[in-house]
Amino acid sequence: MECRNYSRFTSRRDLLARTGFGLGAAALHSLLGSTPATAAEHQFPNFAPRAKRVIFLFQAGGPSHLDLFDYKPAMKGRFNEDIPPSVFGTQRITGMVAQQDRFPVAPTMYGFDQHGQSGQWLSDRLPYTAKIADDICVLRGAYTEAINHDPAITFMQTGSQLPGRPSFGSWVDYGLGSENQNLPTFVVLNSLPGNGMADQGLLSRLWGSGFLPSRYQGVQFRSAGDPVLDLSNPPGITPQMRRSQLNTLATLNTQLHDRVGDPEIETRIAQYEMAYRMQTSVPDLVNVSSESQHVLDLYGPDVRKPGSFAANCLLARRLAERQVRFIQLYHRGWDHHGGLTDKLPVLARDTDQPAAGLIMDLKQRGMLNDTLVIWGGEFGRTPYAQGTMKPDSYGRDHHGRVFSLWMAGGGIKPGYSHGSSDDYGFNVATGGVHVHDLQATILHLLGIDHQKLTWLFQGRQFRLTDVGGGVVHEIIA
Amino acid sequence: MVMQEMDPPRETHILLRGSYEIPGEKVDAGVPEDLLGKWPEGAPKNRLGLARWLTKPDHPLTSRVVVNRFWQQLFGQGLVKTSDNFGLQGEWPSHPELLDWLARDFIDSGWNVKALMKRLVLSSTYRQDSAASPELIARDPENRLLARGPRFRLPAEIIRDQALEISGLLKPRVGGPSVYPWQPPDLYKGIVVAASYPGTTWPESKGDDLYRRSLYTFWKRTVPHPVMNVFDAPDREVCIVRRASTNTPLQALTLLNDPIFIEAARKLAERAIHGGGLGYAFQLATGRTPDPRELRALQVSLEEMRAAFRKDEAGAKALIAVGAAPADASIPAVELAAWTAVTNIILNMDEVITKS
């Protein structure tokens with residue numbers, strides 16, 4: 001038995017990344033990242049970043065591009081006609097409509113108009129987004145490979161349709177670390193639609209760290225009870241008693257350290273102090289009583305309702321102000337297989353004003369320059385109707401061949417439209433942006449070369465962008 | 001799990017571009033023989049054959065990999081640190097001859113795991129003190145050269161199991177279906193859709209099943225138990241051979257505040273009050289008696305907590321009401337709460353959650 005199959009060909013970064021764990025000094029870069037972005041553990045950013053932080057307003061369920069962003073005048077008047085075979089092609093459709101005899105065109109029933117100096121086309125369901133038309137860049141040629149929610153969301157969040165890879169925010173945390181000592185680097189906020197109807201669940205593994213160490217996992221801030229699990233002292237333990245407990249604990253741990261010498265003990269003492277600080281910093285963060293009426297009004301009437309998308313958009317701004325690196329919101333309920341015309345306006349209302357308000361608020365604080373905001377879901381919806389159809393009532397199935405989303409701030413070209421779909425909003429016509437391209441572009445704006453952000457696992461250097469992805473330079477200002 | 005080979009075996013094809021609709025060349029099962037040795041003479045081309053091939057006495061990898069994993073389990077890291085990767089991108093073993101000797105010995109013993117474990121834990125290397133001078137730590141921060149005993153944080157499951165054991169709550173029953181120990185009742189709120197199919201609710205167990213070993217905890221992969229999650233238990237979406245071991249403030253919050261650990265602290269307090277006092281609680285948690293300075297620090301803390309709870313009896317009652325196990329009514333609430341606040345400290349000591 002000879003040991004031939006070993007190699008010393010590990011890169012310096014591998015070595016640093018691997019030896020970092022379980023070591024006191026390196027472990028100080030923690031979930032609450034006490035190490036600034038320039039830590040030796042990281043070689044990022046690779047170049048000057050345009051964005052310092054990301055707010056991802058994820059619209060789970062698959063918002064209809066045809067009823068929100070992608071104006072298709074050619075579909076008008078073709079109600080109930082068949083989608084031409086030349087457009088349809090031989091593409092994969094979901095099992096949910098596979099039994100349908102035909103695929104009739106369902107033109108949108110909403111009005112579209114151009115807005116701002118940029119002349120951005122938007123649906124009349126988005127009156128507040130219209131006000132930020134010149135601040136956003138709409139991608140109208142986005143496309144994905146997945147056709148169902150779980151794989152498609154997982155794809156968007158981790159770069160793979162199969163579960164087990166690190167979430168976007170985990171990759172960014174691993175690459176860049178934190179600039180805040182008292183809050184997590186990667187924070188997750190969830191909201192339910194105004195009609196309370198979310199057909200699809202979420203999965204906490206969407207913000208899991210996959211094969212990266214768990215300190216990179218997203219921390220969910222909850223809207224009821226403790227904002228962070230186990231944040232509050234147990235009943236009966238006052239802050240003074242807790243302080244006294246921690247002092248005793250620190251004494252015991254210090255004595256242990258004096259005897260044993262393991263630097264990991266010092267790290268643990270520091271983490272208990274950080275936990276104590278978090279007990280103040282997190283409640284401060286979620287307490288919005290100091291916000292002026294003028295600011296609250298930007299986000300719309302729901303902002304006072306804890307757990308609403310509006311309230312979470314405001315929290316996102318407060319997190320961004322505190323230099324939290326990756327702020328992941330999820331709004332659910334966009335899965336409009338049937339009754340789209342009843343449900344889509346509710347969802348549009350939920351998100352339109354708060355998202356626009358967030359952009360305006362960031363802008364007035366001078367933070368939009370280095371904060372990248374993304375609004376979009378895992379896929380779009382079909383131009384053909386699912387189930388029974390009337391001119392003012394139809395449903396749409398999942399559609400990944402083309403869909404729309406928008407980005408703003410953080411180095412993105414404002415008032416810009418990139419890419420287009422064909423006359424039916426079915427296929428990409430120009431400027432296609434694959435999910436991996438989108439991910440590569442977001443990393444690029446953060447100053448990261450997406451091909452260099454890797455983690456060795458099961459014998460392979462894994463990336464957020466898997467084996468694909470190209471930066472979409474056209475949308476960068 | 002039981003499986004049966006199909007007879008005849010199903011035809012398998014390469015799927016072109018990964019599409020199940022475009023079968024390409026027909027393929028058979030096989031192994032990289034040039035690299036790792038010939039398929040045993042006459043062995044069937046199925047899982048039985050694979051098992052025979054893997055355990056051939058001259059297979060270059062299997063026994064090394066297995067021995068290395070048991071080493072990792074006991075020492076915190078393998079002789080080959082990349083225990084999940086013995087290939088080109090893996091690391092060299094720190095002690096190649098030792099690994100080879102252990103691997104050969106393991107095969108010769110008839111793959112006797114118990115004998116291997118016994119050999120490892122009785123070795124003088126394993127039995128060394130974990131303490132080290134600053135010079136030694138600076139020279140070998142990761143202890144690759146094994147000049148001191150292992151020292152690493154316990155895995156997630158054992159942290160909870162140990163708290164249950166120290167407090168006397170652990171129910172050691174072996175086997176049976178998964179159980180549902182306490183987790184935050186609103187954990188699924190806003191994440192999991194309420195539906196009639198299984199797995200959308202957490203039917204909290206009653207009685208003994210609240211206190212079984214964590215390996216029996218029902219595992220919902222999409223929303224894992226937060227205590228497991230926080231202490232680096234993998235989410236089980238992919239196979240993880242080597243867990244990360246992190247040190248985070250969320251771990252501190254969990255150990256300080258989570259009802260699982262508050263309940264354990266109270267039961268430990270009851271044991272201490274009825275038994276040998278603070279020193280006994282310390283000993284249950286660490287396996288050694290406290291030195292006078294440590295004992296003094298705990299006694300001072302107990303006095304402070306007593307004074308504080310005397311002014312807040314309602315608070316004392318609230319603290320000892322945490323958890324499903326009833327509080328010992330023979331102990332006054334203020335007294336039990338004060339002791340609980342101190343045993344809470346003990347369960348948070350680095351020494352308690354660290355193997356050394």
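A residue counts as buried if 20 or more other C-beta atoms, placed from the backbone, lie within 10 Å of its own, as exposed if 12 or fewer do, and as partly exposed in between. The model is predicted, with local features needing pLDDT of at least 70, side-chain atom pairs counting only at pLDDT 80 or more, and totals for chains, interfaces and linings using all residues. Residues are numbered from 1 along each chain as its sequence is written, and chains are lettered from A and ligands numbered from 1 in the order in which they are written.

**Exercise 1.** Work out whether α11(A) is enclosed or not, and look at what comes just after.

Start with burial: 18 of the 25 residues of α11(A) are buried, so the rest of the structure largely encloses this helix. Then step past its end, where Gly366(A) has a positive phi of about 70 degrees.

**Exercise 2.** Describe how α7(B) packs on α10(B).

First, get the geometry: α7 (residues 156-167) and α10 (residues 259-274) of chain B pack at about 25 degrees, axes 8 Å apart. That makes the pair roughly parallel (angles under 35 degrees). Next, find who meets whom: the α7(B) side includes Arg160(B) and Leu164(B), and the α10(B) side includes Phe261(B) and Arg271(B). Finally, sort by class: seven nonpolar, one polar and three charged residues.

**Exercise 3.** Find which helix of chain A gives the most to the side touching chain B.

Begin with the totals: 70 residues of chain A contact 76 of chain B (C-beta atoms, placed from the backbone, within 7 Å). Now pick the top contributor, α7(A), with 12 residues.

Note on methods. Helix = DSSP H or I, 4+ residues; strand = E, 2+ residues; numbered from the N terminus. Axes fitted to C-alpha atoms, helices over the stretch in contact; angles between N-to-C directions. Parallel < 35°, antiparallel > 145°, perpendicular 65-115°, else oblique. Contact = placed C-beta atoms within 7 Å. Nonpolar A, V, L, I, M, F, W, Y, C, P; charged D, E, K, R; others polar.
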